[in-house]
Amino acid sequence: MSIINPSSPWFRGFISLTIFSFVMSLGMSLSIAGLRDYWQQSGRIVRTLLATVVLPPLLLAALILAVPIPKPVPIALALLAASPCPPFLTQRASQAGASREVALSVQVTLALVSIVTTPIIVSLFQRGFPNATNIRFDPWDVVKMVALVQFLPLGIGFALHQIRAGWVGNSRKFSMS
C-alpha cells in the first residue's frame, strides 16, 4: 500500500495533522487587540463577507442553472462555496500583501461566521437543487466539522500563546529581581 495514496488512512491522517498544526500555529500568533481592531472596521468586514460568503454561492447557483453539470459536481462545488475559511487563507492573504494580523483576523472572523453560514448554504443548495445529488448533509455535522477544523486548533494555539505569555512574564519578573 502506497503512503501517497489519497485514500490511504496514513495519507489522510498526515493531511489532517498538517492542517491541524497549521491552524494551531495561527492561534499561537492570535492577538485579541488585532482582532478587536479588525472587528471595528465594519466596511472591511462587509466587503470580506460579500466576497467570501455571499457572492461565491450566488455565482455558483447561477452557474448550476446555466450549465448542465454532472450529478456529483454541484454538491461538491456547493461545499467549496459554503466554506469561506480555508485553513491556508492567512498564508495566502499575507502573500498577497495583507498584514499577518489582518489576515489572521479575517481567518478567525470567517471561522466564526462559517459556523452559521456553511450549514445554511449547504441546506439551501440541497433544497434548491434536489436533483443535483443524492448526497445529503446534516447541518449539525457541518457545524461539528467546522468546529473541529477551525476552532479546536485555533483555541489550543491561543491557549498555548497565553500560557507562553504568562511564562515570559514570570521569567521577566525573576530576572528583574
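The largest nonpolar core of this structure holds 16 residues, and those that touch the most other members are Leu 60, Ile 64, Ala 78, Ile 121, Phe 125 and Phe 129. Three elements each give two or more residues to this core, namely helix H3 (42-66), helix H4 (72-82) and helix H6 (100-128). Ala 78 offers a view of the packing from a single residue, for, once its neighbours within four places in sequence are left aside, Ala 78 is in contact with Leu 60, Ile 121 and Phe 125. There is also a second, separate core of eight residues, and among its members are Phe 22, Leu 26, Leu 30 and Leu 35.

The model described here is predicted, and it is therefore helpful to read its confidence values alongside its shape. The mean pLDDT of the protein is 78, and 84% of its residues reach 70 or more. Confidence is lowest in H5, with a mean of 69, whereas it is highest in H3, with a mean of 88.

Turning to the overall fold, the secondary structure of the protein comes to seven helices and zero strands, so that the order of elements from the N terminus on can be written α-α-α-α-α-α-α. Of the 177 residues in the protein, 31% are buried. Among contacts between residues at least 6 apart in sequence, 74% join residues at least 24 apart.

Where in the chain do we find partners that are separated in sequence, and how far apart are they in space? The table gives three such pairs, with the distance taken from C-alpha to C-alpha.

| Pair | Separation in sequence | C-alpha to C-alpha distance |
|---|---|---|
| Gln 126 and Pro 74 | 52 residues | 9.6 Å |
| Ile 45 and Val 106 | 61 residues | 8.2 Å |
| Trp 140 and Pro 119 | 21 residues | 7.4 Å |

One residue of each pair can be described further. Gln 126 lies in helix H6, and Gln 126 counts as buried because its relative accessible area is 11%, which is under the 20% cut-off. Ile 45 has its place in helix H3, and Ile 45 is also buried, because its relative accessible area of 16% is again under 20%. Leaving aside its neighbours within four places in sequence, Ile 45 is in contact with Tyr 38 and Trp 39. Is Trp 140, by contrast, buried or exposed? Trp 140, which is found in helix H7 (residues 139-176), counts as exposed, because its relative accessibility of 61% is over the 50% cut-off.

The empty space in the model can be considered as well. Rolling a probe the size of a water molecule over the atoms shows where such space is left. The second largest pocket contains about 170 Å³ of space. Of the twelve residues that line this pocket, Tyr 38, Arg 44, Thr 48, Val 102 and Val 106 are the closest to its centre. The elements that give two or more residues to the lining of the second largest pocket are H3, helix H5 (89-95) and H6. When this lining is sorted by class, it has eight nonpolar, two polar and two charged residues.

Some names return from one part of this account to another. Tyr 38, a contact of Ile 45, is one of the residues closest to the centre of the second largest pocket, and Val 106, which lies 8.2 Å from Ile 45 from C-alpha to C-alpha, is also one of those residues. Helices H3 and H6 each give two or more residues to the largest nonpolar core, and H3 and H6 likewise each give two or more residues to the lining of the second largest pocket.

How values were computed: Residues are numbered from 1 along each chain as its sequence is written. This is a predicted model: local features need pLDDT of at least 70, side-chain atom pairs count only at pLDDT 80 or more; totals for chains, interfaces and linings use all residues. Side-chain values use heavy atoms; hydrogens and water are left out. A nonpolar core is a set of buried Ala, Val, Leu, Ile, Met, Phe, Trp, Tyr and Cys residues joined through side-chain atoms within 4.5 Å. Buried means under 20% relative accessible area, exposed over 50%, partly exposed in between (1.4 Å probe, protein chains only). Helices (H or I, at least four residues) and strands (E, at least two) are DSSP runs, numbered from the N terminus. Contact means heavy atoms within 4.5 Å. On a 1 Å grid over the protein atoms alone, a cavity is a set of points where a 1.4 Å probe fits but cannot get out, and a pocket is an open set with protein on both sides within 12 Å along at least five of seven lines; lining residues have an atom within 4 Å of a point. Grid points are joined across faces, edges and corners, and a volume is the space filled by probe spheres set on the points. Ala, Val, Leu, Ile, Met, Phe, Trp, Tyr, Cys and Pro count as nonpolar, Asp, Glu, Lys and Arg as charged, and the others, Gly among them, as polar. pLDDT is the predictor's confidence in each residue, from 0 to 100.
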